[in-house]
Amino acid sequence: MRLPSFALATVLVSSAVFGAAAQTQQVRIRGSVERIEGQMLTVKTPEGVASVALAPNYAVGAIVRASMADIKKGSFIGVGARTSSGGELQAVQVVIFPEAMRGTGEGHRPWAVLPEATMTNATVAETVTQVGGSSVTLTYPGGEQRIAIPPEANIVMAAPAQASDLAAGAQVALTAQRQADGGLTTSRVTVARAGAQLPL
């Protein structure tokens, strides 16, 4: 089993780029670990209990809570946002990507996770922090977006993790593949560190 520092790439890409499984054979799972026995992970989700087979070389990554202070000029981030009544884009979540993922899904597009929402994966050209709130200006080939980041926005970033982090009660997210026999399998699992909220 390999445990790269940023094994959560698949989950972050599906969350912060596509917003939903691109194929019907992919299943997004979020919940708490009920148990792990050998290569079988059981996750309690709002819909019920899901049993997922872990691939022989599965990887584990973590997300940790971050803040506006962690968003620097030049950072590559993914921002899920909704339009306010005043027409301003307001962030729901911000994922600070590791440098190795720079350029992933770059651009501005609809975000299927929430109604009438957008996802912008781009480079931070400017950050503004004021008493009334913060904002970022993001640039990508052919465009630019200014997005407000309210205090309640979920801001997270990547961190290393180990298989032992998949303990009972841990909050996890993964994208599983539906097999011909109906079973689920995955090669990557993302776990939330204490205080962090999993991205949508």
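Which residue forms a salt bridge with E88, and how far apart are the closest N and O atoms? The partner is R146, and the closest N and O atoms of the two are 3.6 Å apart. Please keep in mind while reading that this is a predicted model. Here are some points to help you find your way around.

1. **The pair from the opening question.** E88 sits in the loop between β4 (76-83) and β5 (89-96), while R146 belongs to strand β9 (residues 143-149), so their salt bridge ties together parts that are 58 residues apart in sequence. Neither end is hidden away: E88 is partly exposed, with a relative accessible area of 31%, and R146 is also partly exposed, at 49%.

2. **The overall layout.** If you step back from that pair, you will find one helix and 12 strands in the chain. Following the sequence from its start, you meet the helix and then the strands one after another, in the pattern α-β-β-β-β-β-β-β-β-β-β-β-β.

3. **Inside and outside.** The chain has 200 residues, and 46% of them count as buried. About 9,500 Å² of the chain is exposed, and carbon and sulfur atoms supply 51% of that area.

4. **Contacts across the sequence.** Take the contacts between residues at least 6 apart in sequence: 63% of these join residues at least 24 apart. Some individual examples appear in the points on I149, A69 and A100 below.

5. **Other salt bridges.** The structure holds five salt bridges, and the E88–R146 pair is one of them. Another joins the side chains of E99 and R102, with 2.7 Å from N to O. Here E99 counts as exposed, at 56% relative accessibility, whereas R102 counts as partly exposed, at 34%.

6. **A small network.** Which residues are linked with R35 in a network of salt bridges? They are E34 and E37. Within this group, the closest N and O atoms of R35 and E37 are 3.8 Å apart; the pair counts as a salt bridge because the limit is 4 Å. R35 is partly exposed, with 39% relative accessibility, and E37 is exposed, with a relative accessible area of 56%.

7. **The largest pocket.** Rolling a probe the size of a water molecule over the atoms shows where empty space is left. The largest pocket found here has a volume of about 160 Å³. Its lining is made up of R65, A66, S67, M68, S134, I149, P150, P151, A153 and I155. Sorted by class, the lining has seven nonpolar, two polar and one charged residues.

8. **I149, a lining residue worth a look.** I149 is one of the residues that line the largest pocket, and its place is in strand β9, the strand that also holds R146. Is I149 buried or exposed? It is buried, with a relative accessible area of 3%. Setting aside neighbours within four places in sequence, I149 is in contact with M68, I71, A91, V94, S134, S135, V136 and I155. M68, S134 and I155 appear both among these contacts and in the pocket lining. Although I149 and M68 are 81 residues apart along the chain, their C-alpha atoms are separated by 8.4 Å.

9. **An unusual backbone angle.** Most residues other than glycine have a negative phi. E116 has a phi near 50°, which is a positive value in a residue other than glycine. You can find E116 in the loop between β6 (107-111) and β7 (117-130). At 76% relative accessibility, E116 counts as exposed.

10. **Two alanines in loops.** A69 is found in the loop between β3 (48-65) and β4, and A100 in the loop between β5 and β6. A69 is exposed, with a relative accessible area of 53%; A100 is exposed too, at 75%. For A69, look across to T129: the two are 60 residues apart along the chain, with 9.2 Å between their C-alpha atoms. For A100, look to F76, which is 24 residues away in sequence and 10.0 Å away in space, from C-alpha to C-alpha.

Methods: Residues numbered from 1 in each chain as written. Predicted model: local features only at pLDDT ≥ 70, side-chain atom pairs only at ≥ 80, totals over all residues. Heavy atoms only, no water. Helix = DSSP H or I, 4+ residues; strand = E, 2+ residues; numbered from the N terminus. Buried < 20%, exposed > 50% of the residue type's maximum accessible area, 1.4 Å probe, protein only. Contact = heavy atoms within 4.5 Å. Areas by Shrake-Rupley, 256 points an atom, 1.4 Å probe, with all protein chains shown as cover. 1 Å grid on protein atoms, 1.4 Å probe; cavity = no way out; pocket = protein on both sides within 12 Å on 5 of 7 lines; lining within 4 Å. Points joined across faces, edges and corners; volume = space filled by probe spheres on them. Nonpolar A, V, L, I, M, F, W, Y, C, P; charged D, E, K, R; others polar.
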